[in-house]
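Colleague: I am new to this one and would enjoy a friendly tour. Please bring it up on the screen, and I will ask as we go.

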Amino acid sequence: MIIVEGYVRLADPADLDRVRTAAEAQITASRAEADNLDYTYAVDLNDPAVMRVLERWQSWDALEAHFKEPHMTVWRDALADIKFEERVIRAHHVSETRDL
């Protein structure tokens with residue numbers, strides 16, 4: 001399994017409403033992909049300028065295929081004029097998962 005996790009920090013927290021509208025479509029389309037296990041964005045409760053990212057994919061191939069989906073172009077276009085102060089997003093290969 002591949003886990004994508006991280007965050008982006010908006011330069012202007014007022015842009016969150018515009019990001020939210022585009023994100024809703026992105027989340028729906030991504031969750032519909034065959035090898036997607038989870039796809040979530042969340043606003044940090046302590047910092048409304050920070051949006052957390054959490055995705056789970058079956059494999060590296062699934063994640064690479066995701067990047068080529070048509071809805072990714074729509075997503076990138078929607079974010080083209082949004083300024084981000086910081087972007088930290090990483091992908092991890094996970095070989096074992098345990099319930100806690």
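**A tour in questions**

Colleague: Which word fits Asp15, buried or exposed?

Modeller: The relative accessibility of Asp15 is 12%. Buried means under 20% relative accessible area, exposed means over 50%, and partly exposed lies in between (1.4 Å probe, protein chains only). At 12%, therefore, Asp15 counts as buried.

Colleague: What kind of model is this?

Modeller: Residues are numbered from 1 along each chain as its sequence is written, and side-chain values use heavy atoms, with hydrogens and water left out. Local features need pLDDT of at least 70, side-chain atom pairs count only at pLDDT 80 or more, and totals for chains, interfaces and linings use all residues, for this is a predicted model.

Colleague: Back to Asp15: which residues is it in contact with, leaving aside neighbours within four places in sequence?

Modeller: Asp15 is found in the loop between β1 (2-10) and α1. Those names come from DSSP runs, numbered from the N terminus: helices are H or I with at least four residues, and strands are E with at least two. Contact means heavy atoms within 4.5 Å. Once neighbours within four places in sequence are set aside, Asp15 is in contact with Leu10, Ile82 and Lys83.

Colleague: Now the aromatic rings. How many aromatic pairs does a search of the whole structure find?

Modeller: A pair of aromatic rings is described by the distance of the centres and the angle of the planes. Rings of Phe, Tyr and Trp (its six-membered ring) pair if their centres lie within 6.5 Å; planes under 30 degrees apart count as stacked, over 60 as edge-to-face and the rest as tilted. Searching the whole structure for aromatic pairs gives three.

Colleague: How are the rings of Tyr39 and Trp57 arranged?

Modeller: The centres of Tyr39 and Trp57 are 6.2 Å apart, and there are 85 degrees between the planes, an edge-to-face pair. Tyr39 sits in strand β2 (residues 36-44) and Trp57 in strand β3 (residues 47-57), so the pair ties together parts that are 18 residues apart in sequence. Tyr39 and Trp57 are both buried. The arrangement you asked about is edge-to-face.

Colleague: What about the rings of Tyr41 and Trp75: what is that pair called?

Modeller: The ring centres of Tyr41 and Trp75 are 5.5 Å apart with planes at 15 degrees, so the pair is stacked. This pair links distant parts of the chain, 34 residues apart, with Tyr41 in strand β2 and Trp75 in helix α3 (residues 70-79). Tyr41 is buried at 16% relative accessibility, and Trp75 is buried at 9%. The name for the Tyr41 and Trp75 pair is stacked.

Colleague: Which residues do the ring pairs link into a cluster?

Modeller: We have just met both pairs, Tyr39 with Trp57 and Tyr41 with Trp75. The cluster linked by ring pairs consists of Tyr39, Tyr41, Trp57 and Trp75.

Colleague: Let us turn to the helices. How does α1 run relative to α3, roughly parallel or roughly antiparallel?

Modeller: Axes are lines fitted to C-alpha atoms, for helices over the stretch in contact, and angles run from 0 to 180 degrees between N-to-C directions. Angles under 35 degrees count as roughly parallel, over 145 as roughly antiparallel, 65 to 115 as roughly perpendicular and the rest as oblique. The axes of α1 (residues 16-31) and α3 come within 10 Å and cross at roughly 170 degrees. That is why α1 and α3 are roughly antiparallel.

Colleague: How many charged residues does the contact of α1 with α3 have?

Modeller: On the α1 side are Val19, Ala22, Ala23, Gln26, Ala29 and Ser30, and they meet His71, Met72, Trp75, Ala78 and Leu79 in α3. By class, this contact has eight nonpolar and three polar residues. Ala, Val, Leu, Ile, Met, Phe, Trp, Tyr, Cys and Pro count as nonpolar, Asp, Glu, Lys and Arg as charged, and the others, Gly among them, as polar. For charged residues, the count is none.

Colleague: How far apart in space are Ala78 and Ala22, C-alpha to C-alpha?

Modeller: Ala78 lies in helix α3 and is partly exposed, with a relative accessible area of 34%. In sequence, Ala78 and Ala22 are 56 residues apart. In space, C-alpha to C-alpha, their separation is 6.4 Å.
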